[in-house]
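Colleague: Can you put the model up and take me through it? I would like the layout before the details.

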Amino acid sequence: MIKYRLICAQEHEFDGWFADMATYESQRDDGLLCCPTCGDTKVSKAIMAPAVPKKGNQQETKLRHMMQKMASHVEDNFDYVGDDFAEEARKIHYGETPERDIYGETSLADARDLLEEGVPVAPLPGVGGKQKN
Ligand SMILES: [Zn+2]
C-alpha cells in the first residue's frame, strides 16, 4: 500500500491509500476518487514537498562559499598589518606609502572614521588565522 496526498479542484487536501500507483491512476481515470469534503472527482496528487534545499538556502551557501573564497584570497594576497590597519589605510589613502592591498584589525569607531575620510574599508567576515590572541 502506498499513501498519496491528494487534492481536489477546490484545493481540499486529503490522504488516499492505494495498492500501487497503477491502482491510483485507474481509480482516478475512472472518476472513482472523490474529495471527502466536497465530493469533487477532479482529484490529483498534491505536489510533494521538494527534497532540495530552498532557493534561499542555496543562495546562503553560495554566499558563504564566496566569502570563504574571498577571505582566503585576502589572506594569500593582501598584506597583514594587524592593529596598524587604520594607520596604514590612511597612509595609503593620502599617498604617504605606496598603494597596496592590506587587511588587519581595527575598531568599529576607527573603521567609521576611515569611511568618513573616504577610505574604502570593508569588513571581511571569515578572515582568520592571523587574529590576535
Ligand atoms: Zn474538495
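Modeller: Read along the sequence, the pattern is β-β-α-β-α-β-α-β-α. Helices (H or I, at least four residues) and strands (E, at least two) are DSSP runs numbered from the N terminus. This is a predicted model: local features need pLDDT of at least 70, side-chain atom pairs count only at pLDDT 80 or more, and totals for chains, interfaces and linings use all residues. Residues are numbered from 1 along each chain as its sequence is written.

Colleague: How many helices and strands is that?

Modeller: Four helices and five strands.

Colleague: What is the mean pLDDT of the protein?

Modeller: The average is 85, and 86% of the residues score at least 70. pLDDT is the predictor's confidence in each residue, from 0 to 100.

Colleague: And which elements have the lowest and highest means?

Modeller: Helix α2 (residues 55-77) has the lowest mean, 81, and helix α1 (residues 21-29) the highest, 94. Over residues 129-133 pLDDT stays under 50, and the model has four contacts for them beyond four places in sequence. A contact means that the C-beta atoms of two residues, placed from the backbone, lie within 7 Å.

Colleague: On to the sheet. What is the strand order?

Modeller: The order is β2-β1-β3, an open sheet of three strands with antiparallel pairing. β2 (13-18) and β3 (43-45) are the edge strands, each pairing on one side only. Two strands pair if DSSP finds at least two bridges between them. On average, neighbouring strands of this sheet are turned by 45° against each other, direction ignored; the axes are lines fitted to C-alpha atoms.

Colleague: How many bridges join β1 to β3?

Modeller: Three bridges join β1 (residues 2-8) to β3, and the two run antiparallel. Cys8 has Val43 in β3 as its bridge partner.

Colleague: Now α3. Which of its residues are buried?

Modeller: In α3 (residues 85-93), the buried ones are Phe85, Ala86, Glu88 and Ala89. They are on the same side of α3 because they cover an arc of only 165° around the axis. The arc is that of the directions from the helix axis to the C-beta atoms. Buried means that 20 or more other C-beta atoms lie within 10 Å of the residue's own, with C-beta atoms placed from the backbone.

Colleague: What do those residues pack against?

Modeller: The buried residues of α3 pack against β4 (79-82), β5 (102-104) and α4 (108-116). After α3 comes Gly95, with a positive phi near 75°.

Colleague: What share of the whole protein is buried?

Modeller: Buried residues make up 9% of the 133 residues.

Notes. A residue is buried if 20 or more other C-beta atoms lie within 10 Å of its own, exposed if 12 or fewer, and partly exposed in between; C-beta atoms are placed from the backbone. Axes are lines fitted to C-alpha atoms, for helices over the stretch in contact, and angles run from 0 to 180 degrees between N-to-C directions.
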